[in-house]
Amino acid sequence: MAPRLLFRAPRALSARPAVVVRVRPGRRFASSSASAPEVYDVVCVGGGPAGLSLLAGLKASPVTRGLKVALIEGQDIQKNRLSKGASLDSFSNRCSSLTPASVRNLQEIGVWKHVNAARVQPYQEMQVWDGVTDARISFDWDTARPLLSPRNPAQPTTIAYMIENANTVTMLLSRLEELGGVDMFTSTKVSSIELGTDTENMDFTSWPVLTLSTGKTLAARLLVGADGANSPVRTFADIESRGFDYNRFGVVASLSIEGQGWGGPEHKIAYQRFLPSGPLALLPLPGNKSTLVWSTTPERAARLKALAPEDFVAMVNAGFRLSTTDLEYLHTLEKGQAEEVAWREKHTPVNERAVPMRITDVETGTVAGFPLRMRHADTYTGERVALVGDAAHTIHPLAGQGLNQGQGDAAALVKTISHAVRTGQDIGSTLALESYNSERYAENNAMLGVCDKLHRLYSVESGPIVGLRSIGLRAVDAMGPLKSFFMSRAAGGS
Amino acid sequence: MRPQDPARAMRSFQRCMRQSTQLQRPAIPHIPRTSSTATRAFTTTPSRRHNPSTVDPTEVSHFNALASSWWDPHGSSRLLHLMNPLRHDFIASCRFNDALVPSQKLKYLDIGCGGGIFAESAARLPDTHSVTAIDPTPGVLKIAEAHKRRDPLLMEPGRLTYLNTSIEDLPVPETPEEGHDIVTLFEVLEHVNAPGPFIEKLLPHVKPGGWLIMSTIARTWTSWLVTNVMAEDVLGIVPKGTHEWSKYVNEDELRGYFAKEPGWDGTSVRSLGVMYVPGLGWKEVRGGEDWGNYFFAVKRLK
């Protein structure tokens, strides 16, 4: 990979995209035989949820429908499509919590009608507690209403929707097929991005020109980087992305629990316990399925992944029930957690209704881990470049906001492009893109900051902070309006 | 292209700083284009000189000097760039009640086009047939031509044509029907020497049923304070010497002119005051046409 990198200017090599990014302005006069690049209005690199949502949004609007757009994706996106009759006994371990705001946007651009609804689980309540002090806060729209005000029957009760990422991608692809008009270059890599040249008729020196692995070249009026945390587009645009690694891994798994949950099928509950090493979350899926996100140290993550299924299940059950001291010990064992947990639980009084129902099984091959990072690009726009989703920001997963931020980016960029088209602006000009950057940057930065602070706050095991954070949590829990504010923010604002 | 070396990075940083300070400053600024001498006697009496030009040579050299920064998003024309979308909104609002023929595409004539901010944007709209854009300042037209080459859409034959000419030298359409659907005169009137004869010259270029659309500044003590004293002298966000307050034309003067002008629909007149609010951008201000920047539109009778 290394020899393919070709950087002419000194730059941070933190990201190592397998794309040749030549930054030297091309001032060569193209007299050579190289065929002229095909000119596109929007070239989106990356076919994840953010990129696909952007394209669907552009094609769904009569204002932007006429734009010539292309998608470039290294993988065969059709391969990961969810089949219509997929069994409800098996769920992917890659799930996200879609906020009502994200769902509303997907509805508006005609995507949501393609969802595989049987595999989506709305939840109505969230239980969050401190693993050290047991201070607890519960979120549901009913208790969050202003004091003494009557319950509003029209008030939506859904906090968010649990959905497999494959389901999100599949509905977006279905909508794009229905709309048509996107040139899809899939299973195709970008081999280089460089600025164009000044030819006899045209001055492409401000235009990114992409060369694909097939040899085809595309000139982009606007190049959208939806190409993930190590975004080659961001590198091309020379936009720095700053942040740090949490030295934590997120362990995910698809689990079966012993029933539909304490609230039954109509009132599903999400659980999150803040442990000193990171939050442990169990989010409801249809039927008796749930998905796990356990943020913990790399060593513990590695050990969890290596456990036998019965020991893994015992560890997760213990994670919601036993003391942090017990858990610390259990993490040191190489095996035999099942027995150890059974014995310790006998001596730990637990209000079973306050913790998730017992986990009975883990789906084979679904235990996986990924490093947690926080990254934020210095800006989301450059001349003829815009970044969306993980290319712009990577967030701690504790609030489940990553995918939603990407959806919010896509919707905002569609709005910006649409305004530019209506008023005849060049959609790649920095002036036209300004509103996208100013709208999204502040919003995402605030969310990144809050999640980061929460992570730090709950990493503390003893001392005055532990007491204070418990008081804070209990106080917020007692104050309906304040809770309502937090819930609205988490739901994507309204 | 992109800041690579430290000096370049520093320059772009300084640009950013300039921009952010601009945004914090209060102003209703205003920016320029063509033309001339004399005070504001708003008359239609033609001058006695043969083929009198309304173009002021000192204005031409002023805009030649500004040309290089025309397309810099943080340069001296930033406020014009930011105002441009409002022009389209205003045109759309004027044409709202016109009977629309879906297949009919519009012909624009942009007078005093400068670096082509409006001309380019009009040429990109899907319902545009063609844009002819004229300016007497050779330097800014060179900038306009060079910038046009950066967009293949604008290079489509006939879509956008720049002419280095004054309105006096632009051939009058042989028949009224060959005129333009929309003739625009943005931030020009306040720079011309004799607005009466100047407007007289451009009327034949509007097709019957078409619109003359302009924007300018009212000649009031507020506009003098804002555009001359604040924007140019105190804050320096508009280059010095851009404005001569005595050349400004008031909305009621234009209204009165078109009420008497044969062939023009005095009842179709629309005007809209606009103001630049730091941090928020250009905003419409009801009644603002009487004391600041304003748009003005009038329709030629069919």
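What share of the contacts in chain B with a separation of 6 or more comes from residues 24 or more positions apart? In this predicted model, such residues account for 77% of those contacts. The legends below begin with the two chains and then turn to selected sites.

**Figure 1. Overview of chain B in the predicted model.** Chain B contains 8 helices and 8 strands. The chain has 302 residues, and 56% of them are buried. About 13,000 Å² of chain B is exposed, with carbon and sulfur atoms supplying 58% of this area.

**Figure 2. Overview of chain A, with its 12 helices and 21 strands.** Chain A has 494 residues, of which 56% count as buried. Among contacts in chain A with a separation of 6 or more, 75% are made by residues 24 or more positions apart. The exposed area of chain A is about 20,700 Å², and carbon and sulfur atoms contribute 54% of it.

**Figure 3. The interface of chain B and chain A.** On one side stand 24 residues of chain B, in contact with 32 residues of chain A. The area buried between the two chains is about 2,200 Å², and carbon and sulfur atoms give 51% of that area. Across this interface, 10 residue pairs are in polar contact, counting pairs with both residues at pLDDT 80 or more. Two elements of chain B, helix H3 (78-94) and helix H4 (117-124), each give two or more residues to the side that touches chain A. Of these, H3(B) provides the largest share, namely 7 residues. Sorted by class, the side of chain B that touches chain A comprises 9 nonpolar, 7 polar and 8 charged residues.

**Figure 4. A salt bridge between A:Glu434 and B:Arg78.** The interface of chain B and chain A holds 4 salt bridges. One of them joins A:Glu434 to B:Arg78, with the closest N and O atoms 3.0 Å apart.

**Figure 5. Helix H6 (residues 195-202) of chain B and its surroundings.** Why is this helix described as largely enclosed by the rest of the structure? The description applies because 6 of the 8 residues of helix H6 of chain B are buried. These buried residues are B:Pro195, B:Gly196, B:Pro197, B:Phe198, B:Ile199 and B:Leu202. Their cover includes three strands of chain B, strand E1 (106-111), strand E4 (180-186) and strand E5 (206-217), together with helix H8 (251-260).

**Figure 6. The surroundings of A:Arg119, a buried residue in a loop of chain A.** A:Arg119 belongs to the loop between helix H2 (100-108) and strand E5 (121-123) of chain A. The residue counts as buried because its relative accessibility is 3%, under the cut-off of 20%. The side chains of A:Arg119 and A:Glu164 are joined by a polar contact of 2.8 Å. Apart from residues up to four places away in sequence, A:Arg119 touches A:Leu82, A:Ala86, A:Ser87, A:Leu88, A:Ser90, A:Phe91, A:Met162, A:Glu164, A:Asn167 and A:Pro286.

**Figure 7. A:Gln127 in strand E6 (residues 125-130) of chain A.** Is A:Gln127 buried or exposed? With a relative accessibility of 13%, A:Gln127 counts as buried. When neighbours within four places in sequence are left aside, its contacts are A:Arg136, A:Ile137, A:Ser138, A:Ile269, A:Ala270, A:Tyr271 and A:Gln272. A further residue for orientation is A:Ala281, which lies 154 residues from A:Gln127 along the chain, with 9.8 Å between the two C-alpha atoms.

**Figure 8. Two loop residues of chain A with positive phi, A:Ser187 and A:Asp238.** A:Ser187 is not a glycine, yet its phi is positive, at about 50 degrees. This serine lies in the loop between strand E9 (182-186) and strand E10 (190-195) of chain A, and at 47% relative accessibility A:Ser187 counts as partly exposed. A:Asp238, likewise a residue other than glycine, has a positive phi near 60 degrees. Its position is in the loop between helix H4 (232-236) and strand E13 (241-257) of chain A. The relative accessibility of A:Asp238 is 31%, so this residue counts as partly exposed.

How values were computed. Residues numbered from 1 in each chain as written. Chains lettered and ligands numbered in written order. Predicted model: local features only at pLDDT ≥ 70, side-chain atom pairs only at ≥ 80, totals over all residues. Heavy atoms only, no water. Helix = DSSP H or I, 4+ residues; strand = E, 2+ residues; numbered from the N terminus. Buried < 20%, exposed > 50% of the residue type's maximum accessible area, 1.4 Å probe, protein only. Contact = heavy atoms within 4.5 Å. Areas by Shrake-Rupley, 256 points an atom, 1.4 Å probe, with all protein chains shown as cover. Buried area = accessible area lost by both parts, 1.4 Å probe. Salt bridge = Lys/Arg side-chain N within 4 Å of Asp/Glu carboxyl O. Polar contact = N/O pair within 3.5 Å; in protein donor to acceptor, adjacent residues only side chain to side chain. Nonpolar A, V, L, I, M, F, W, Y, C, P; charged D, E, K, R; others polar.
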